[in-house]
Amino acid sequence: MNSSALNITLPGLDLKNPIMPASGCFSFGEEFSKLYDLSDLGAIMIKAATHEARTGNRTPRVAETSSGMLNAIGLQNPGVDHILAHELKFLEQFDVPIIANVAGSAVDDYVIVADKISKASNVKAIELNISCPNVKEGGIQFGTDPETARRLTSRVKEVSDVPVYVKLSPNVTSIVDMARSVGDIADGLTMINTLVGMRLDNRGRPILSNTTGGLSGPAIKPVSLNMIYQVRQHLPHIPIIGMGGISNVDDILDYISVGADAVAIGTMNFTDPMICPTLIQSLDEKVSEMGLDHLHDLKGRAYKTL
Amino acid sequence: MKNLMTVVDQKCIADKIHEMVLEGDITSSMKTPGQFVHVRINDTTEHVLRRPISIADIDHEHSRFTVIYRAEGEGTRKLSKLGSGDTVDILSPLGNGYPLEQNDHVLIVGGGIGVPPLYELSKQLNRMGVKTTHILGFNSKKDVFYEEKFKALGETHVATADGSYGTEGFVTDAISALDQHFDCFYACGPKVMLKVLSETMEMDGYISLEERMGCGFGVCYACVCETAEGDWIKLCTEGPVFRKGEIVL
């Protein structure tokens, strides 16, 4: 394990391996720390932090769909000050870089949270959440207009002590336009967030109290692969952490093949709580089985071989 | 927490209601009635969410436990097709469960698919010497299950909403026909039933709630409920059992 074939260096991040849990699917790590050593992970993307504590949406907040699920949690979290004092403090015992997901209702909220959370010793990067589809104000509205996203990224970059990765929403007409608009300011991209969707009950009414939710899981992998592929053609050098429906090692290779540098595991943490350590182990085996010097030997093979 | 169990037996015991007996070492960690297991439908990615199902009966001697669930959707219908020798991936045991108090006489009230966890509860209370009276509510005669099993533990009354079996009406109608003193009540069933019981029963009580779940172990924040103090807490880790009045229903 920890073979150098899986080491990856990205802005702010020295990753032992390219595998990390995605924001919102791992809370702040405490529950998973009872199951395995969090230091084995490449990094941890913690649950979104907002300026004030938030209670989130009414229930039901989740519904299963074919090979996926909808969620509309609504950014429930105890607020940035509590997260700094408790959740991030707890994570200090592990040798793992933390990527802090930052959300808000207005530009100033993002700026305040980013400023504060980037000062934590174990926070090595910020993931700017401009793509949450489940809150009425903020979130996705910042992530669907290229100029708004650019201004917000710029303001957050000014106050952050650590590199800033922008989490892109797939709910846009042109993902390339969005990536380009933030691409020369952001230190990297994480993509993709969930796709807006709906499920009805047998009386024809929406199941989720929020009416709509974000679709995640294996169902969205083809969408994410295509979007990363497209963005990579136009931005050959920007670091990209890919996510969307990863459930096995071949999925990870697919993401690297379309040009992602590292990957995050989301929904499947619920299906199989041991999926991250399992994938780290099997990726290590897969890379040596394929006789690769480094996982990134496969990077971009989806377009390079055309 | 994650374990592979072997199906010993599975049968349909009422309309869409299935009783599955599972065997495996993790049974030894199941102690408190009211806890649940989180069941993966199969090892493909077609069903990404597990199904929370309460534990109905624990048999430590044979390392077996029983779950009872309603096969309502595609996932649980697949689960209902499993037979002896098949394996099931579960997370277990989850949740807090009912506190076992040394009372003289308690009332146990179950509604529909909320009935199962009360069977193990009643078994354990009877073992402690607590007298139990049971009220089981169902929609119709075709939905009734476990009446005989509860009768073996104590006085048992069944109510059906359509009057096709037992007392006509809701559990509250059957309760008002009783003229006895109870020290405490334990309930599991639809939210509206729990709300009415919490508001009308004078004695102390414990209720078990249900909500759509994601992870089942406190990570995803899907199954939250509001406390009387206005906090939103996780049902899977801080519940599913709460003291009467603790949660806004």
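Start by selecting B:Glu72 and B:Thr76: in this predicted model, the backbone nitrogen of B:Glu72 sits 3.2 Å from a polar atom of the B:Thr76 side chain. Now add B:Gly73 to the selection. The B:Thr76 side chain also reaches the backbone nitrogen of B:Gly73, at 3.3 Å.

Zoom out a touch to see where B:Thr76 lives. It's part of helix H1 of chain B, residues 74-80. Is B:Thr76 buried or exposed? Its relative accessibility is 10%, so B:Thr76 counts as buried, the cut-off being under 20%. To see what is around it, show B:Ile41, B:Arg51, B:Tyr69, B:Arg70 and B:Ala71; B:Thr76 touches each of these, leaving out residues up to four places away in sequence.

Next, hop over to chain A and pick A:Pro163. You'll find it in the loop that runs between helix H5 (146-159) and strand E9 (164-167). With 18% relative accessibility, A:Pro163 counts as buried. Which residues does A:Pro163 touch, not counting those up to four places away in sequence? Select A:Pro11, A:Gly12, A:Lys124, A:Ala125, A:Ile126 and A:Asp187 to see them. Then try drawing a C-alpha to C-alpha distance from A:Pro163 to A:Met45: it comes to 14 Å, with the two positions 118 residues apart in sequence numbering.

A:Met45 leads on to A:Ile241, since the two are in contact. Beyond its neighbours within four places in sequence, A:Ile241 is also in contact with A:Leu10, A:Leu13, A:Met20, A:Ile99, A:Tyr165, A:Leu189, A:Thr190, A:Met191, A:Ala262, A:Val263 and A:Ala264.

Keep A:Ile241 lit up and add A:Ile117, A:Leu189 and A:Met191. These four touch the most other members of the largest nonpolar core, which holds 135 residues. Colour helix H10 of chain A (residues 275-289) as well: it gives this core its largest share, 6 residues. Apart from that core lies another, of 26 residues; to find it, select B:Val106, B:Val130, B:Phe145 and B:Phe150, which are among its members.

Last stop: the second largest pocket. Select A:Phe28, A:Pro78, A:Glu87, B:Tyr221 and B:Lys234, the residues nearest its centre out of the 16 that line it. How much space lies in this pocket? About 360 Å³. For the lining, show helices H1 (30-33) and H2 (80-91) of chain A plus strand E14 (232-234) of chain B, each of which supplies at least two residues. Colour the lining by residue type and you get 6 nonpolar, 5 polar and 5 charged.

Note on methods:
Residues numbered from 1 in each chain as written. Chains lettered and ligands numbered in written order. Predicted model: local features only at pLDDT ≥ 70, side-chain atom pairs only at ≥ 80, totals over all residues. Heavy atoms only, no water. 1 Å grid on protein atoms, 1.4 Å probe; cavity = no way out; pocket = protein on both sides within 12 Å on 5 of 7 lines; lining within 4 Å. Points joined across faces, edges and corners; volume = space filled by probe spheres on them. Helix = DSSP H or I, 4+ residues; strand = E, 2+ residues; numbered from the N terminus. Nonpolar A, V, L, I, M, F, W, Y, C, P; charged D, E, K, R; others polar. Core = buried A, V, L, I, M, F, W, Y, C linked by side-chain atoms within 4.5 Å. Buried < 20%, exposed > 50% of the residue type's maximum accessible area, 1.4 Å probe, protein only. Contact = heavy atoms within 4.5 Å. Polar contact = N/O pair within 3.5 Å; in protein donor to acceptor, adjacent residues only side chain to side chain.
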